[in-house]
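I opened the notebook to go through one chain, place by place. The entries below are in the order I looked things up.

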Amino acid sequence: DVAGAFFQDPEMITASLRTLTLLATRNPSSFRRGANDANTAATVCWISGRNNEWFDRSVKGRTIKAMKEAFGTRADLPARAGTMLRHRDTVFSTPHRLALGDPQLLTSTRRMMLVDWRENADLLLTLARQADQGQR
């Protein structure tokens, strides 16, 4: 199993399998078009990895390039992902972020990051309100 050997993280493997199930249910035609299995698997792992912000250029082996090498593909994964995600209702995508809007597709590490961000945002909002009240 290439994904298991590459990620070496049971949560990422589970997130990728759940992503595959969701995408195949929502847009089965994107899996029928004579797609190469390695390209399809790499694309699903790319989607899951981006959704969980798993890729990290500063860590050897946690790059998209390393993942493509592991799967033996040179496919344009973002383009293929666009096709797979076409019928997904809640997708937030920029060149640097991908958010599918489903907590079941996240690892515990990613969920903790999001909770931390929310708590920091709440704290900043409280401080801003206090500062604003002090200005009046």
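The notes start with the whole chain and then move to single residues.

**Entry 1. The chain**

I am working from a predicted model. I looked up the secondary structure first. The protein chain has seven helices and two strands. I read the order from the N terminus as α-α-α-α-α-α-β-β-α. Next I checked burial. Of the 136 residues in the chain, 32% are buried. Then I turned to contacts with a separation of 6 or more. Residues 24 or more positions apart account for 68% of them.

**Entry 2. The core**

Which residues touch the most other members of the largest nonpolar core? I found Phe6, Phe7, Trp46, Ile47, Met67 and Leu85, out of 24 residues in that core. I then asked which helices feed it. At least two residues each come from α1 (2–7), α2 (10–26), α4 (37–51), α5 (64–71) and α6 (77–85). The largest share is five residues, and α4 supplies it.

I picked isoleucine 47 for a closer look. I set aside residues up to four places away in sequence. Isoleucine 47 then touches Thr19 and Leu23, along with Ala81, Met84 and Leu85. Its list also includes Leu98 and Leu100.

**Entry 3. Helix α6**

I went on to α6, where Ala81, Met84 and Leu85 turn up again among the buried residues. The others buried there are Leu77, Arg80 and Thr83. What do the buried residues of α6 pack against? I noted α2, α3 (29–32), α4 and α5, plus the strand β2 (98–99).

**Entry 4. The second largest pocket**

I looked up the second largest pocket. Its space comes to about 200 Å³. I see 13 lining residues. Ala3, Leu17, Leu20, Ala41 and Cys45 lie nearest the centre. Helices α1, α2 and α4 each give at least two residues to the lining. Again I looked for the main supplier. The largest share of this lining, five residues, is from α4. I sorted the lining by class: nine residues are nonpolar, two are polar and two are charged.

**Entry 5. Threonine 73**

Is threonine 73 buried or exposed? I first placed it in the loop between α5 and α6. Its relative accessibility is 7%. The cut-off for buried is under 20%, so threonine 73 counts as buried. I then looked for its partners. The side chain of threonine 73 makes a polar contact with the side chain of asparagine 39, at 2.3 Å. Leaving aside neighbours within four places in sequence, I list Asn39, Ala42 and Lys68 as the contacts of threonine 73.

**Entry 6. Threonine 63**

I found threonine 63 in the loop between α4 and α5. At 21% relative accessibility, it counts as partly exposed. Buried would need under 20%, so threonine 63 falls outside that class. What does its side chain reach? I noted the backbone nitrogen of alanine 66, at 3.0 Å. Beyond four places in sequence, threonine 63 is in contact with Phe6, Phe55, Asp56 and Arg57. Phe6 was already in my notes as one of the core residues that touch the most other members. I also took one C-alpha distance. Threonine 63 and glycine 49 are 14 residues apart along the chain, and their C-alpha atoms are separated by 9.7 Å.

**Entry 7. Threonine 14**

I moved to threonine 14, which is in helix α2. It counts as partly exposed, at 35% relative accessibility. I checked its C-alpha atom against that of glycine 4, ten residues away along the chain. The separation is 9.6 Å.

**Entry 8. Two positive phi angles**

Last, I looked at backbone angles. Most residues other than glycine have a negative phi. Which residue between α1 and α2 did I stop at? I stopped at glutamine 8, in that loop. Its phi is positive, about 50°, although it is not a glycine. Glutamine 8 is exposed, with a relative accessible area of 69%.

I noted glutamate 53 as well. It has a positive phi of about 50° and is not a glycine. I placed glutamate 53 in the loop between α4 and α5. It is partly exposed, with a relative accessible area of 27%.

Note on methods
Residues are numbered from 1 along each chain as its sequence is written. This is a predicted model: local features need pLDDT of at least 70, side-chain atom pairs count only at pLDDT 80 or more; totals for chains, interfaces and linings use all residues. Side-chain values use heavy atoms; hydrogens and water are left out. A nonpolar core is a set of buried Ala, Val, Leu, Ile, Met, Phe, Trp, Tyr and Cys residues joined through side-chain atoms within 4.5 Å. Buried means under 20% relative accessible area, exposed over 50%, partly exposed in between (1.4 Å probe, protein chains only). Helices (H or I, at least four residues) and strands (E, at least two) are DSSP runs, numbered from the N terminus. Contact means heavy atoms within 4.5 Å. On a 1 Å grid over the protein atoms alone, a cavity is a set of points where a 1.4 Å probe fits but cannot get out, and a pocket is an open set with protein on both sides within 12 Å along at least five of seven lines; lining residues have an atom within 4 Å of a point. Grid points are joined across faces, edges and corners, and a volume is the space filled by probe spheres set on the points. Ala, Val, Leu, Ile, Met, Phe, Trp, Tyr, Cys and Pro count as nonpolar, Asp, Glu, Lys and Arg as charged, and the others, Gly among them, as polar. A polar contact is a pair of N or O atoms within 3.5 Å; within protein, one must be able to donate a hydrogen and the other to accept it, and residues adjacent in sequence count only if both atoms are side-chain atoms.
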